[in-house]
Amino acid sequence: MRKTTVYLPEDLEVRLDAESSATGVSKAELIRRGITMILDDAERPKRKHGLPVFDSGRPLTPEAMDDAVYEHIRERAARR
C-alpha cells in the first residue's frame, strides 16, 4: 500500500470518527471502501475498438509537419 493524505471537512471527519468507533473499522479502511465503491460504480465509456490507424502514404519530417500546420493556420486566418 502507498500512503496518501486526504483533507476532510471537520463535519466529515466527525462522522468518519463516529463510524469507525461504532463499527470497529479503521478510518483508513472506511476511506478505502468508499473510494472502491465510487470507482467500481463509475460509468466510463467503453472503447469497442482501438483508435484507427492509417498511412497517409507520405511520411513527413517534424519540420515539414510544422510547415504544413502553419500553412493551414495561415490559410484559415486569410479566410476570416
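**View 1. Glu 13 and its salt bridge with Lys 27.** In this predicted model, Glu 13 counts as partly exposed, with a relative accessibility of 26%, and its side chain meets that of Lys 27 in a salt bridge, at 2.6 Å from N to O. The pair links distant parts of the chain, since Glu 13 belongs to helix α1 (residues 10–23) and Lys 27 to helix α2 (residues 27–41), 14 residues apart. Lys 27 is likewise partly exposed, at 31% relative accessibility. Side chains of opposite charge can pair when their charged atoms come close.

**View 2. A salt bridge within helix α2, between Glu 29 and Arg 33.** The closest N and O atoms of Glu 29 and Arg 33 are 3.1 Å apart. Because the two residues lie four residues apart in helix α2, about one helical turn separates them. Glu 29 is partly exposed at 26% relative accessibility, and Arg 33, with a relative accessible area of 42%, is also partly exposed.

**View 3. A salt bridge within helix α3, between Glu 71 and Arg 74.** Here the closest N and O atoms are 3.3 Å apart, and the partners, three residues apart in helix α3 (residues 62–79), are separated by about one helical turn. Arg 74 counts as exposed because its relative accessible area of 51% is over the 50% cut-off, whereas Glu 71, at 34%, is partly exposed.

**View 4. A network made of Glu 13, Asp 17 and Lys 27.** Salt bridges with shared partners join these three residues into one network. The structure as a whole holds five salt bridges, including the one between Lys 27 and Glu 13.

Conventions. Residues numbered from 1 in each chain as written. Predicted model: local features only at pLDDT ≥ 70, side-chain atom pairs only at ≥ 80, totals over all residues. Heavy atoms only, no water. Salt bridge = Lys/Arg side-chain N within 4 Å of Asp/Glu carboxyl O. Buried < 20%, exposed > 50% of the residue type's maximum accessible area, 1.4 Å probe, protein only.
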